[in-house]
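Me: I am new to this one. Please show it to me, and then let me ask how the descriptions are justified.

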Amino acid sequence: MLFSSLSFLFAFLPILLILYYLAKDKYKNYILLIASLIFYAWGEPKYVLLMIISIVINYYIAILIDKKKKNKKQKNVLLIVAVIINVGALFFFKYLDFAINNINLAFNFNLEKTNLSLPIGISFYTFQILSYVIDVYRNKVKVQKNILNLGTYITLFPQLIAGPIVRYSDIEKQLTHRVHNVEKISSGFRRFMLGFCKKVLIANNVAIIADTVFNNPGEELLNGWVVVFALLAYSLQIYYDFSGYSDMAIGLGRIFGFSFDENFNYPYSALSISDFWKRWHISLTTWFRDYVYIPLGGNRCSKIKWARNFFVVWLLTGLWHGASWNYVFWGLFYAIILLLEKQFFGKYLKKAPKVISWLITFGIINVGWLLFRINGISDLKIVLHSVFHANITLSDYLAAHYYLIPNMIFVVLGLLFMFPLFMHFVRKIRRTSFGKIVVDCIVVGTFIVAIFAIISGSYNPFIYFRF
Amino acid sequence: MSKNVNFEDCFLLMLITLVFLFGFVTTIKKQDLVSKNEGRQLATFSHFSLDSFVDGSFQNNMEQALADQFVGSEDIKANYSYAFSHLSLFDVESSLCKNRYLKLASPDRSRAIFDCNDYILYMPEQLDKERKAIIEENIKKYNQVNKKIDTYYYLVDDASSFDFASNERKNDYLGLIRSQLTNAKGIRRLEYETYEEYQDFYYKTDHHWNYKGSYQGIVDISKMMGVEAPLHNGVKSNNDLFYGSNARMTNNFDYSEVFNYYDYDIRQHSTFINGKEGSYNNYYAYENHNYDYFKAMNLYAFVYGNDFGEVVFDYNQPKKDNLLIISDSFGNAINEIIAQNYNKTFSVDLRYYEETFGKEFQLSDYIKKNHIDKLLFIMSPISIWSRDANRGLES
């Protein structure tokens, strides 16, 4: 189920809220667990079993690790087993076909692909499970002896399918003791509505521009500016889509008494690439830092080892986003850029006027998104060729895509809202009671418009109709 | 739960509760079955079953039903899309439209505004190899079956065949049909060579021909078949604004026109729709205002008659021929008028025949059974290359 669906808004959420707040505290987690399983099963009825099996296996492995606290060898074996099971499941569902495809290509084999659909959110919940087991292994958290509480953590629907990757250590206490109050619920709703509007109004609308150009670049007579604009639209799409989802998750977490860490912090206002990665998908970058980069030795080692660690982390970051070579290239692109920034041009970025640093950073990020978005090298060639060999005027292109012009307004809005200035202004208005009410009315009004957008998405006229 | 609450937070929660209440009302209110604006059956809430949940159809249906049954859904869809398409702060249209197609959003075929005009029309579409092969295949099968009967073909070429920007015909359907249909006694098309001529024959926002275009069709067909063209008594109108299929498909209700039609003296006859006696056209009801007008009303279908698998017009003139017309919806406006020159006219729309009668149309059997003397095709480009609109002609 998606947060930006009517089923979620007008069926799942209201029913759950009523049941949750009517229930006694000791039953709240059970209600959340059942609701989360229904939420997951709504989109993936078959794979809900996979998740339950995963919870049970990891529950027992963590208990065994805790029992074998003093036996390092056995503890290590158990951890390796847990990593193999979790990463193995992720590999099987997400990367096996990619591997088969490449083996077939490289060795001229004819191995059959599994063609399995990817269980929704598997990358997110695998990392959450791993963080729990590893933290139990490291004695950072107490082992969870109540399987239902562990199940609630892993399946917790707000962050189940698109993050943020919430670590067990962050909500360990909240699983048994969390605060519910009107202020938290209303601030949760505010955040949820903000994310909902980001996703439905901005991301969905700018996506149409990006998709028109990038889905079939060969069929489009492109103009260089059009490609640049579409790339900008895609950069905004991915940001508002993902950060919108994180906002909704954080907001829903608050509504149900949880506090999740921030996942985005105005990443497109970054003045360097390392700054960008401190602001973008924070839960993933910190996960890789704590569970891969530092265990590999981090930067406290020789330069060659450090570079190796760096490349490993960014290769995995790329692969985490998808089983395709363009994600690998995207990850390696950032590894190279970050290495160059740290070693060479970082100091110049710092000294340069902020506008210049921002332009360079934002430009590099956009090039990165081009690698991320494009479907294969051949499409990349077509797009790049179009940038430098315009064969259609901009006005001809706009006329042929006249229906996209209203969507372009959302690119402008997206650009405006990607800087902290707008929220700073909102915070200023919210200092008074009247200001708070005005802002809330605007937020609810925009939320209603976003609901209308979803309803209008079902407009599907029939050409001949009989009355 | 803490008891420290402030007014602003309660106010927000109250607003959200109101929003959720709309969802609640949606589930308990009486369900609407048909959308007038969209002209389709609306999704309704279905009962839960494990099978439907596992295959995802329950979830999909629920999402669609919530959208369709939401309180005020019809107005929300119409107004949101209207507001959305008028978001541009600048007059972009006038700066781009000169001698150009401005492509509009549409869920099926490409539609556009051309040359700053208030027409919504199909964009030029090149006949691709696949479609050409279907046409050839359709006609080849027909040629094999039917070698004896006098056959006439009337092509109602729509805007997709012509590029008004370059004033060039994109597709020579007529040439293609002529080259393939070997036993035809007459093949013609509704001729237009400029945008102005197109405008004369077609509605501003509908893909069908208007009263002038359809009358031209009657004249052309009568000439081609060697009969006298029926006359009309002039234009009539109830001054209803007509927003046609192209307006509905693009959800663009900026343009419209007054719906006009020619008044014909149609002689007494019997009509059988899908085997049952009835009345095909609604001229009388329309003239007497016996209808509830609504913006997206399909006046073309209401006034002239709708799409049916089979309509028989029996003018009881045993000395004259029996005619079979195989047509799409373009025939709706003229079949009954053309039929006046024949004894019995059997009008068949192959898109609906099988669905209506539960069996495939078989041309040779149909000709034998109904003593058909002449066969007339009235087809628009989409029907020429559609397999549905030609199904059964090979047998």
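**Two chains in a predicted model**

Reply: Start with one helix pair in this predicted model. The axes of H1(A) and helix H3 (residues 57–69) of chain B come within 9 Å and cross at roughly 90°.

Me: What makes H1(A) and H3(B) roughly perpendicular?

Reply: The crossing angle is roughly 90°. Angles of 65 to 115 degrees count as roughly perpendicular. The two helices therefore earn that description.

Me: Which residues make the contact between H1(A) and H3(B)?

Reply: H1(A) brings A:Leu6, A:Ser7, A:Phe10 and A:Ala11. H3(B) brings B:Met62, B:Glu63, B:Leu66 and B:Ala67. By class, six are nonpolar, one is polar and one is charged.

Me: How many residues are in contact between chain A and chain B as a whole?

Reply: 64 residues of chain A are in contact with 73 residues of chain B. The buried area is about 6000 Å². Carbon and sulfur atoms give 72% of that area.

Me: Why is the pair B:Arg100 and A:Asp396 called a salt bridge?

Reply: The closest N and O atoms of the pair are 2.5 Å apart. The cut-off is 4 Å, between a side-chain nitrogen of Lys or Arg and a carboxyl oxygen of Asp or Glu. The pair therefore qualifies as a salt bridge. The rule finds two salt bridges across this interface. There are also 11 residue pairs in polar contact between the chains.

Me: Which helix gives the largest share of the side of chain A that touches chain B?

Reply: H20(A) does, with 15 residues. That side of chain A has 43 nonpolar, 14 polar and seven charged residues.

Me: How many salt bridges does the whole structure have?

Reply: The search finds 33 over all chains. One of them joins A:Glu262 and A:Arg191, with the closest N and O atoms 2.6 Å apart.

Me: Why does the pair A:Glu262 and A:Arg191 tie together separate parts of the sequence?

Reply: A:Glu262 lies in the loop between helix H10 (224–255) and helix H11 (273–279) of chain A. A:Arg191 lies in helix H9 of chain A. So the pair links parts that are 71 residues apart in sequence.

Conventions:
Residues numbered from 1 in each chain as written. Chains lettered and ligands numbered in written order. Predicted model: local features only at pLDDT ≥ 70, side-chain atom pairs only at ≥ 80, totals over all residues. Heavy atoms only, no water. Contact = heavy atoms within 4.5 Å. Buried area = accessible area lost by both parts, 1.4 Å probe. Polar contact = N/O pair within 3.5 Å; in protein donor to acceptor, adjacent residues only side chain to side chain. Helix = DSSP H or I, 4+ residues; strand = E, 2+ residues; numbered from the N terminus. Nonpolar A, V, L, I, M, F, W, Y, C, P; charged D, E, K, R; others polar. Axes fitted to C-alpha atoms, helices over the stretch in contact; angles between N-to-C directions. Parallel < 35°, antiparallel > 145°, perpendicular 65-115°, else oblique.
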